Amino acid sequence: MSLLPAMHDFVTFFGELGPRWGLEADPCRVHAYLYLVERPASESDIAGALDLDGAAVTAALAYLVRWRMVQSVGASLWQVGGDPWDMLMSALEARRQEEIAPALATLRGCRDAALRDKLDPSVRRRIGAVLDLAEDLAAIDTQARRLSPQFLRQMVGLSGRAARFMDRTFGSRRDKR
């Protein structure tokens, strides 16, 4: 199946966006394609639509499974959810599990080593500042997880509408440069 121009542009955009967020391009393209088609697709359908070889599709799907962004729904059929918020929350949860604890452990180890090795106080302060920031972000994340996905969706939607209103009313900061 050949992608129509709008679909091609959408899939290409996500393939380019993913690496900017630390994600691999092909899985992002596969995910975008599955999102658009709204139905289970076979690996050969995906390969044909995205001009990928079988190994690349298999690797992309394995990556997406690891991030809980795709589900197998039968013999070599794959699909993604249709709600972008659910997809975002799933991706954030996977990243949280893979990255927050190791980052905190590494930064705490750096702090402890800096103290043990009697590094210059300014270096210890700088390591401590980054650790404090990471711990603050982890604490915010912990509290945010206590909120329902529906409440978060409403808060982000309200905040986004308010920000767009302010941009239209007062102009954006970009306009003032």
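The paragraphs below walk through the structure above, from a helix to a sheet, then to salt bridges, the surface and a few unusual backbone angles. Keep in mind that this is a predicted model.

Let's begin with helix 2, which covers residues 25-37. How far apart should the ends of a helix with 13 residues be? At 1.5 Å a residue, helix 2 should span 18 Å, and its end C-alpha atoms are 19 Å apart, which agrees. Many residues of helix 2 are buried, among them P27, C28, V30 and Y33. What covers these buried residues of helix 2? The cover includes helix 1 (5-20), helix 3 (43-50), helix 4 and helix 5, along with strand 1 (41-42) and strand 3 (77-79).

Helix 2 also holds a salt bridge: the side chains of D26 and R29 meet with N to O at 3.4 Å. These two residues sit three places apart in the helix, about one turn. An α-helix has 3.6 residues a turn, so residues three or four places apart point the same way. The two partners differ in their cover: R29 is buried, while D26 counts as partly exposed because its relative accessible area is 28%, between the cut-offs of 20% and 50%.

Next, look for the sheet. It is an open sheet of three strands in the order 1-3-2, with antiparallel pairing. Strand 1 and strand 2 are the edge strands, each pairing on one side only. Strands of a sheet pair through backbone hydrogen bonds, either parallel or antiparallel. Strand 2 and strand 3 run antiparallel and are joined by two bridges. Which residue of strand 3 is the bridge partner of Q71? The partner is Q79.

Now back to salt bridges. How many does the structure hold? There are nine. One of them joins E93 to R96, with their closest N and O atoms 2.2 Å apart. Both residues lie in helix 5, three residues apart, about one turn of the helix. Another links the side chains of D141 and R145, at 3.3 Å from N to O. Together, E93, R96, D141 and R145 are linked in a network of salt bridges. Is R96 buried or exposed? R96 is buried, because its relative accessible area is 15%, under the 20% cut-off. D141 is buried too, with a relative accessible area of 15%, whereas R145 is partly exposed at 44%.

Let's move to the surface. L133, L137 and I140 form a nonpolar patch there, with about 310 Å² of accessible area together. L133 lies in helix 6, and so does A129. A129 is partly exposed, with a relative accessible area of 44%. Along the chain, A129 and R111 are 18 residues apart, and their C-alpha atoms are separated by 9.9 Å.

Finally, try following the backbone itself. Most residues other than glycine have a negative phi, and most peptide bonds are trans. Where does this model have a positive phi just after helix 2? That residue is E38, with a phi of about 60°. R68 has a positive phi as well, near 55°, and its place is in the loop between helix 4 (54-66) and strand 2 (71-72). K118 likewise has a phi near 55°, in the loop between helix 5 (84-116) and helix 6 (121-144). R68 is partly exposed at 39% relative accessibility, whereas K118 is exposed, because its relative accessible area of 69% is over the 50% cut-off.

How values were computed:
Residues are numbered from 1 along each chain as its sequence is written. This is a predicted model: local features need pLDDT of at least 70, side-chain atom pairs count only at pLDDT 80 or more; totals for chains, interfaces and linings use all residues. Side-chain values use heavy atoms; hydrogens and water are left out. Helices (H or I, at least four residues) and strands (E, at least two) are DSSP runs, numbered from the N terminus. Buried means under 20% relative accessible area, exposed over 50%, partly exposed in between (1.4 Å probe, protein chains only). Patches are made of residues with over 30% relative accessible area and no salt bridge: like charges are joined within 9 Å, nonpolar side chains (Val, Leu, Ile, Met, Phe, Trp, Tyr) within 5 Å. Accessible areas come from the Shrake-Rupley method with a 1.4 Å probe; for residues, only the protein chains shown count as cover. A salt bridge is a side-chain nitrogen of Lys or Arg within 4 Å of a carboxyl oxygen of Asp or Glu. The expected span of a helix is 1.5 Å times one less than its number of residues. Contact means heavy atoms within 4.5 Å. Two strands pair if DSSP finds at least two bridges between them.
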